[in-house]
Protein chains: 2
Amino acid sequence: MLDRVSRVRRFNRAVTSAVGALDTSFLGRGRPLGAARVLNAIGHGRTDVGDIRDYLGLDSGLMSRLLRSLEDEGLMETTAHGDDARRRIAKLTAAGKREFNAYEAISNRQAKDFLAHHTQREALLAAMDLIASALGRDGTALHEMDPRSDEARYCLGEYYAELARRFKQGFDVKLSRDPDAKDMVRPRGSFIVAMSDGLPIGCVGLKGSSCEFAEIKRLWVAPSARGLGLGRRLMDAAEKAARELGIAVLRLDTNSALAEAGQLYRRSGWTEIPRFNDDPYPDLFFEKRL
Amino acid sequence: MLDRVSRVRRFNRAVTSAVGALDTSFLGRGRPLGAARVLNAIGHGRTDVGDIRDYLGLDSGLMSRLLRSLEDEGLMETTAHGDDARRRIAKLTAAGKREFNAYEAISNRQAKDFLAHHTQREALLAAMDLIASALGRDGTALHEMDPRSDEARYCLGEYYAELARRFKQGFDVKLSRDPDAKDMVRPRGSFIVAMSDGLPIGCVGLKGSSCEFAEIKRLWVAPSARGLGLGRRLMDAAEKAARELGIAVLRLDTNSALAEAGQLYRRSGWTEIPRFNDDPYPDLFFEKRL
DNA sequence: GCATATATCTGACTTTAGTCAGATATCGTC
DNA sequence: GACGATATCTGACTAAAGTCAGATATATGC
């Protein structure tokens with residue numbers, strides 16, 4: 001009925017008016033939106049004044065005045081940065097924290113009300129994740145993390161669940177060659193998580209070993225973040241880490257049921273090689289010389 | 001990893017910054033956003049000044065000044081309303097139409113660029129439809145339409161396609177008792193389409209007949225609009241139309257594969273009755289006395 | 001015809017956001 | 001310690017949005 005462009009524009013219209021309502025709800029506490037945004041940025045852990053300025057895209061003059069108005073209200077204080085006295089650190093006072101919590105409560109209530117009005121909650125949330133990841137693509141950052149961190153374990157859990165869904169015979173980690181966490185931490189290897197505004201949406205592991213090659217393991221991209229080129233970015237980051245660690249040969253194993261993965265490897269300079277391990281799950285093996 | 005409320009808020013953040021970018025793109029034509037919004041509202045067919053004011057949520061003084069500024073630019077003219085000379089009708093001049101088209105081109109280009117940057121297009125569009133329908137629920141309007149209109153035929157096509165997917169034996173309209181369009185037009189019956197900002201997202205038919213009962217047919221709600229209570233609204237509208245037409249007994253047939261539909265009927269006062277026709281597809285039959 | 005309601009317009013005003021030039025203090029480096 | 005770079009602040013300004021009290025013209029009901 002509607003062509004694609006019209007559908008995107010219908011979405012834009014729906015969301016524009018919703019965002020307008022969201023903004024005006026923040027006006028209920030008798031403070032202009034600019035000041036409220038600064039207060040919230042500080043409350044969410046941004047303390048460096050320059051960082052807040054960049055994040056909110058404010059002019060330095062305007063920023064300074066907004067900080068002054070929050071200080072006059074007794075909601076925050078600034079102190080000099082320990083290492084560099086030119087930089088200022090913003091910190092909420094007790095009153096500021098109360099006020100920040102009030103804004104948080106408004107946001108949480110709105111989100112809750114929105115969900116409460118719909119019975120199709122999981123579908124709606126999945127759609128929201130998908131769009132948030134697509135819109136936030138430029139903001140997706142890759143972080144080297146410990147594979148035992150909460151973020152990494154969340155990714156691995158999702159990864160195993162997906163393998164279990166996609167392999168005809170299911171998937172049981174215990175039967176697979178599960179890499180030791182230490183092999184995926186520097187200086188032996190690395191583990192990289194893609195974070196999109198607080199949500200982990202992808203990961204990859206670089207497993208160092210005592211033999212002549214290292215392995216790429218656990219490449220996963222959240223369903224809500226596919227089609228954004230994130231798999232390629234993760235692989236590039238893993239290769240970069242491998243080069244930094246002086247690794248010359250990379251190998252990986254995968255399964256032909258994961259067609260996108262195979263395509264990605266072939267398109268980015270990997271060549272198929274014969275089986276090099278006895279893991280029961282993979283049926284495709286690749287190598288890349290750096 | 002993130003709880004539901006946090007996921008909704010992540011979506012809100014992603015979308016807020018995207019909408020900001022969308023707004024600033026409209027500034028490129030040297031006109032403040034307010035004036036551009038009014039120009040676009042007129043271009044999209046809103047001619048009544050009061051209507052535009054309500055739609056954009058503007059103060060009457062501000063609205064008046066924005067109209068004046070567009071008039072000074074030679075982009076529009078106002079005339080008195082035929083029936084009520086207090087009301088004013090806004091109309092774009094040739095120059096105004098050109099300017100409106102330029103804004104349309106900006107919006108279309110942005111939508112196209114957005115799609116071009118993603119390979120997962122259908123998933124993304126489905127997510128956008130879902131969210132636009134959810135956000136636009138209050139704006140969803142039910143319209144009585146001819147079952148042969150484009151909107152109705154689109155809905156029926158989607159409905160048949162869904163039956164074909166959900167019935168084990170598939171679905172072929174020709175084998176089913178396809179109601180005559182004339183039986184679903186006043187004064188015999190009615191056909192109602194739910195429109196959400198230009199997109200048909202649901203329908204229901206009321207089929208009058210010469211026997212002692214009328215039938216509810218073709219109740220359909222787009223997958224992107226489920227969980228919003230739209231099925232209930234459509235059924236209520238169909239019952240209202242039936243009462244207006246002096247119909248006392250309603251019947252319908254359905255299939256137990258369509259569990260949501262059966263639930264809806266049971267919860268809204270319908271009682272199961274024995275088979276009353278020889279259509280091969282249904283296996284559940286209901287009646288409701290008005 | 002007259003009072004009252006309604007739709008729009010005008011003028012005077014405020015608030016918010018944003019811009020820009022320059023002041024002030026501090027940092028890093030030679 | 002001088003010098004240029006950097007981070008923040010201050011003052012002076014503008015543009016845009018929004019508010020509010022009337023003015024004007026027209027409609028509606030008695």
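These are my notebook entries on a predicted model of two protein chains with DNA.

**Entry 1: the surroundings of strand D**

I began with DNA strand D and looked up which residues surround it. I found 23 of them, and the closest are Arg65(A), Arg68(A), Asp84(B), Ala85(B) and Arg86(B). I then checked which atoms of the strand come within 4 Å of the protein, and sugar and phosphate account for 64% of them. Sorted by class, the residues on this surface come out as eleven charged, seven nonpolar and five polar.

**Entry 2: polar contacts to strand D**

Next I went through some individual atom pairs. On the chain A side, I noted a polar backbone atom of Arg88(A) at 3.4 Å from a phosphate oxygen of DNA strand D. On the chain B side, a backbone N or O atom of Gly34(B) is 3.1 Å from a phosphate oxygen of the strand. Arg86(B), already on my list of the closest residues, has a polar side-chain atom 3.5 Å from a sugar or linking oxygen of DNA strand D.

I also wanted to know which elements give two or more residues to the surface near DNA strand D. In chain A they are helix H3 (49–56) and helix H4 (60–72), and in chain B they are helix H2 (33–43) and helix H4 (60–72). Which of them gives the most? That is H4(A), with six residues.

**Entry 3: how the two chains are related**

I superposed chain B on chain A: the rotation is 179 degrees, the shift along its axis is 0.1 Å, and the RMSD is 0.3 Å. The two copies are therefore related as by a two-fold rotation axis. I looked for the C-alpha of chain B nearest that axis and found Ala127(B), at 2.3 Å. I compared the interface residues too: 100% of those in chain B are also interface residues in chain A, so the copies meet through the same surface.

**Entry 4: domains of chain A**

For chain A, the domain assignment lists domain 1 (4–117) and domain 2 (140–289). Taken over C-alpha atoms, I get 37 Å between the centres of the two domains.

**Entry 5: a sheet in chain B**

My last stop was an open sheet of seven strands in chain B, with mixed pairing and the order E3-E4-E5-E6-E7-E9-E8. Which strands stand at the edges? They are E3 (141–144) and E8 (271–272); each has a single partner strand, so one side of each is left without a neighbour in the sheet.

I zoomed in on one pair, E4 (residues 190–196) and E5 (residues 199–207) of chain B, which are antiparallel over seven bridges. There I noted Met195(B) standing opposite Pro200(B) in E5(B).

Notes. Residues are numbered from 1 along each chain as its sequence is written. Chains are lettered from A and ligands numbered from 1 in the order in which they are written. This is a predicted model: local features need pLDDT of at least 70, side-chain atom pairs count only at pLDDT 80 or more; totals for chains, interfaces and linings use all residues. Side-chain values use heavy atoms; hydrogens and water are left out. A residue is near a molecule or strand if one of its heavy atoms lies within 4 Å of it. A polar contact is a pair of N or O atoms within 3.5 Å; within protein, one must be able to donate a hydrogen and the other to accept it, and residues adjacent in sequence count only if both atoms are side-chain atoms. Helices (H or I, at least four residues) and strands (E, at least two) are DSSP runs, numbered from the N terminus. Ala, Val, Leu, Ile, Met, Phe, Trp, Tyr, Cys and Pro count as nonpolar, Asp, Glu, Lys and Arg as charged, and the others, Gly among them, as polar. Copies are superposed by least squares on the C-alpha atoms of residues with pLDDT of at least 70 in both. Contact means heavy atoms within 4.5 Å. Domain bounds come from an automatic or database domain assignment. Two strands pair if DSSP finds at least two bridges between them.
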